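Thanks for making the time, everyone. Please have a look at the structure on the screen, and I'll walk you through it.

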Amino acid sequence: MANEDSVLLKEVDQALEEDRTWDFFRKYGTALIVGAVAIVVGVAGWQFWNHTKTQEAQAQALEYRAALDLLNQNTDAGRAALETVASESGGYAVLASLRRASSYAAGGERLKALEIYRSIASGSAPKRIRDLASIRAGYLALADGRDAVMGDVNAIAEEEGAFSYYAREILGVASLNAKDYESAVATFTALSLDLETPEGVRERAEEFAALAEAGRAGVNISGELRVDDLVQSLGLDAAQEEAPDAAAPVEETAVEQTPIDETPIEETDGDDSAEDGHDGHNHEE
């Protein structure tokens, strides 16, 4: 009898458990099924979106490369092709804008290049790209006076990071142009003594600091800094943006890793930079 009671109780427990399970599915079964379907559809949708974006990036990379090749053959046609790429979305659109601005700067159309750089700087590109555009705008704005330069690079100069050294250098040159020798000496001396300053910037800072010291001492410094000589000494007029491998998947955020040629890291030999710095000035002892 004890065994029969035990078996009966187990059967009752199983029946109750089945009832609870069916009650649960009657309540939440539809929601669970819908959720499962949503997960499957979501994963499939994400994979399709990712595949589509990869194809778009590859197509845009080829379009960008074709525009660069065309630019080498026909400047006007190449700029137009770059403008078309720049009007699209994605990382290559920003690169196309930078390359187009560089082309105008190299061709002597300073104001057009300045307009494009400032448009990039105020846009929605990654911060590194926006800072790069501001630095390049700052170099070109030297011809417009210190206030114009400050509007482009002052905020970057106050931050920490690689671009801050270039921003401070530009501000120092703007002070030198404005004959504010005290500010110029302070800026260039600080740059020359800072061990974190890039070598090329530090070497130029030493030269500019000596020039500013001469001006502060009353030496008549005839002539003005030539902006085109400065830009040429920094290699900005010959900058070329290389397109990444068209076969590699590129997302919009990948542009953070692409501006290799756009970064104004100084590769110019220090002696050459010094000569460029002196070419723009005549010292009268």
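I'll start with the fold, then take the aromatic pairs, the charges over a ring, the cores, one helix and one loop residue.

A caveat before anything else. This is a predicted model.

Fold first. The chain has 11 helices and two strands. Read along the sequence, the order is α-α-α-α-α-α-α-α-α-β-α-α-β. There are 285 residues, and 38% of them count as buried. Take the contacts with a separation of 6 or more. Residues 24 or more positions apart make up 62% of those. The exposed area of the chain is about 15,900 Å², with carbon and sulfur atoms supplying 53% of it.

Now aromatics. How many aromatic pairs are there? The count is two.

One of them is Tyr64 with Tyr92. The ring centres are 5.7 Å apart and the planes sit at 45 degrees, so this pair is tilted. It links distant parts of the chain. Tyr64 is in helix H1, residues 2–73, and Tyr92 is in helix H3, residues 91–106. The two are 28 residues apart. Are these tyrosines buried or exposed? Tyr64 has 0% relative accessibility, so Tyr64 counts as buried. Tyr92 is at 2%, and is buried too.

Next, Phe188 and Phe208. Why is this pair called stacked? The planes are at 25 degrees, and under 30 counts as stacked. The centres are 5.0 Å apart. This pair also links distant parts of the chain: Phe188 in helix H8, residues 181–193, and Phe208 in helix H9, residues 199–216. That puts them 20 residues apart. Both Phe188 and Phe208 are buried.

On to charges. Look at the ring of Tyr104. The charged end of Arg79 sits over that ring, 4.1 Å from the centre. The charged end of Lys112 sits over the Tyr104 ring as well, at 6.0 Å from the centre.

Cores next. In soluble globular proteins, nonpolar side chains tend to be buried together. Here, the largest nonpolar core holds 43 residues. Which residues touch the most other members? Leu98, Tyr117, Ile135, Val149 and Phe188 do. So Phe188 turns up again, after the stacked pair. Helices H3, H4, H5, H6, H7, H8 and H9 each supply at least two residues of this core. H7 gives the largest share, nine residues. Another core lies apart from it, with 10 residues. Among them are Ala67, Leu68, Tyr92 and Leu95. Tyr92 is the residue from the tilted pair.

A closer look at H9. This helix has 18 residues. From first C-alpha to last, H9 reaches 25 Å, close to the 26 Å expected at 1.5 Å a residue. The buried residues in H9 include Val201, Arg204, Phe208 and Leu211. Gly200 and Gly215 are buried there as well. After H9 comes Gly218, with a positive phi near 100 degrees.

Last item: backbone angles. Most residues other than glycine have a negative phi. Which residue has a positive phi although it is not a glycine? Lys179, at about 65 degrees. Lys179 is in the loop between H7 and H8. With 45% relative accessibility, Lys179 counts as partly exposed.

That's my tour. Over to you for questions.

Methods: Residues numbered from 1 in each chain as written. Predicted model: local features only at pLDDT ≥ 70, side-chain atom pairs only at ≥ 80, totals over all residues. Heavy atoms only, no water. Phe/Tyr/Trp six-rings, centres within 6.5 Å; stacked < 30°, edge-to-face > 60°. Helix = DSSP H or I, 4+ residues; strand = E, 2+ residues; numbered from the N terminus. Buried < 20%, exposed > 50% of the residue type's maximum accessible area, 1.4 Å probe, protein only. Lys NZ or Arg CZ within 6 Å of the ring centre and 35° of its normal. Core = buried A, V, L, I, M, F, W, Y, C linked by side-chain atoms within 4.5 Å. Expected span 1.5 Å × (residues − 1). Contact = heavy atoms within 4.5 Å. Areas by Shrake-Rupley, 256 points an atom, 1.4 Å probe, with all protein chains shown as cover.
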